[in-house]
Each structure stands twice: as C-alpha cells, then as structure tokens.
Amino acid sequence: MKQIIFIFMAILLATGMATAQGKAVISADETSHDFGQIKEADGKVSTTFVIKNTGDAPLVVTRVIASCGCTTPEWTKEPIAPGQTGNIKITYDPKGRPGTFAKTISVYSNGKTGSYILTIRGEVN
C-alpha cells in the first residue's frame with residue numbers, strides 16, 4: 001500500500017513540475033508579405049519576418065521549410081527568451097518564374113504543435 005501511495009505522489013510531483021516549467025509561444029505581427037511587381041532581371045528579393053516569444057519559456061525554432069526550392073529561409077538559431085524576438089529571412093528567386101506567385105513557409109518550433117505558417121506573394125514581370 002505504501003508503494004502505491006509513493007508512486008501516486010511521484011506522478012503528481014512530476015506532473016506539477018512539468019506544468020511549472022512554462023511554455024514557449026511563437027507569434028508575429030506580420031505573417032504575410034507582398035513583394036508586389038518585381039522584375040525577373042533584377043534578381044532575388046528578400047523580406048524578414050520578426051517572430052516573438054510571447055510565452056514564459058525559451059522558444060527554439062527547430063526548422064523552417066519553404067514550399068519550393070525557389071524560396072530560401074534563414075532564421076535565428078539561438079533560443080529566443082520570453083518577450084524577445086528573432087528573425088526569419090525569406091529570399092525568393094524569380095529567375096524563370098514569370099507570373100504571380102504565392103509561397104508558404106512552415107516554421108517548426110517548441111512554441112506550437114505543428115507548424116506556424118508565413119506567406120510571401122507577388123508577380124514576376
């Protein structure tokens with residue numbers, strides 16, 4: 001009987017400690033960017049999204065995946081402290097891609113189950 005009570009208390013203690021550690025939360029003021037009309041001859045264009053940790057534990061961005069090879073992401077690799085910001089720079093290469101485009105960027109972190117989605121769009125002339 002004492003063992004059962006001990007195991008039960010250990011589970012309660014472990015659950016309480018896990019809850020007390022807090023959670024990271026990823027957010028951004030802007031989740032979409034419109035490049036407007038860009039010229040293919042002018043080459044690559046870039047924009048930087050500012051992400052913020054609105055939680056109470058460090059935010060770690062584990063990977064950032066673009067929807068196609070024409071879009072290249074770069075991101076803050078260090079943990080982002082609560083209340084602080086990090087950057088995700090997205091570069092789009094319009095070479096050989098005339099017309100309108102809309103691309104999604106999936107951000108994976110410990111701040112959200114699944115991915116946090118960013119988008120870019122525009123038109124290549």
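Cys-70 is buried, at a relative accessible area of just 4%. Its bonding partner is Cys-68, which counts as partly exposed at 24% relative accessibility. Keep in mind that this is a predicted model. Overall, the protein chain has one helix and eight strands, and the strands sort into sheets that are walked through below.

**The disulfide**

- How many disulfides does the structure hold? There is one, and it links Cys-68 to Cys-70 with an S to S distance of 2.2 Å.
- A disulfide is a covalent bond between the sulfur atoms of two cysteines.
- The link of Cys-68 and Cys-70 is left-handed, with -40° about the S-S bond.
- The cut-off for buried is under 20% relative accessible area, so Cys-70 at 4% falls in that class, while Cys-68 at 24% lands in the partly exposed one.

**The chain as a whole**

- Going along the sequence, you meet the elements in the pattern α-β-β-β-β-β-β-β-β.
- The protein chain has 125 residues, and 32% of them count as buried.
- Its accessible surface comes to about 7800 Å², with 56% of that belonging to carbon and sulfur atoms.
- Take the contacts between residues at least 6 apart in sequence: 65% of these join residues at least 24 apart.

**The antiparallel sheet: β1-β3-β6-β5**

- This one is an open sheet of four strands in the order β1-β3-β6-β5, with antiparallel pairing.
- At the edges you find β1 (26–28) and β5, each of which pairs on one side only.
- Neighbouring strands here are turned by 30° against each other on average, direction ignored.
- β3 and β6 (residues 85–92) run antiparallel and are joined by eight bridges.
- β5 (residues 71–75) also runs antiparallel to β6, with five bridges between them.
- Tyr-92 in β6 is a handy landmark: it is the bridge partner of Val-45 and also of Thr-71.
- Elsewhere in β6, Ile-90 stands opposite Pro-73.

**Two residues to look at in β3**

- Ser-46 sits in strand β3 (residues 45–53), and so does Asn-53.
- Buried or partly exposed: which is Ser-46? Ser-46 is partly exposed, with a relative accessible area of 39%.
- Not counting residues up to four places away in sequence, Ser-46 touches Phe-35, Lys-89, Ile-90 and Thr-91.
- With Thr-91, the side chain of Ser-46 makes a polar contact of 2.8 Å.
- Ser-46 and Tyr-92 are 46 residues apart along the chain, yet their C-alpha atoms are separated by 6.2 Å.
- Asn-53, by contrast, counts as buried, at 0% relative accessibility.
- Leaving out residues up to four places away in sequence, what does Asn-53 touch? Its contacts are Ala-24, Val-25, Pro-58, Leu-59, Ile-80, Ala-81, Pro-82, Gly-83 and Gln-84.

**The mixed sheet: β2-β8-β7-β4**

- Here you have an open sheet of four strands, ordered β2-β8-β7-β4, with mixed pairing.
- β2 (32–38) and β4 (61–66) are the edge strands; each has a single partner strand, so one side of each is left without a neighbour in the sheet.
- From one strand to the next, the twist averages 20°.
- β7 (residues 99–109) and β8 (residues 112–124) pair in the antiparallel sense over 11 bridges.
- In a regular strand the side chains alternate between the two faces of the sheet.

**Ser-106 in β7**

- Ser-106 belongs to strand β7, and its bridge partner in β8 is Ile-117.
- Is Ser-106 buried or exposed? Ser-106 is buried, because its relative accessible area of 15% is under the 20% cut-off.
- Setting aside neighbours within four places in sequence, Ser-106 is in contact with Arg-63, Val-64 and Ile-65, and also with Ser-115, Tyr-116 and Ile-117.
- Arg-63, Val-64 and Ile-65 fall in the 61–66 range of β4, while Ser-115, Tyr-116 and Ile-117 fall within residues 112–124 of β8.

Technical notes:
Residues are numbered from 1 along each chain as its sequence is written. This is a predicted model: local features need pLDDT of at least 70, side-chain atom pairs count only at pLDDT 80 or more; totals for chains, interfaces and linings use all residues. Side-chain values use heavy atoms; hydrogens and water are left out. Two strands pair if DSSP finds at least two bridges between them. Axes are lines fitted to C-alpha atoms, for helices over the stretch in contact, and angles run from 0 to 180 degrees between N-to-C directions. Buried means under 20% relative accessible area, exposed over 50%, partly exposed in between (1.4 Å probe, protein chains only). Contact means heavy atoms within 4.5 Å. A polar contact is a pair of N or O atoms within 3.5 Å; within protein, one must be able to donate a hydrogen and the other to accept it, and residues adjacent in sequence count only if both atoms are side-chain atoms. A disulfide is a pair of cysteine sulfur atoms within 2.5 Å. Accessible areas come from the Shrake-Rupley method with a 1.4 Å probe; for residues, only the protein chains shown count as cover.
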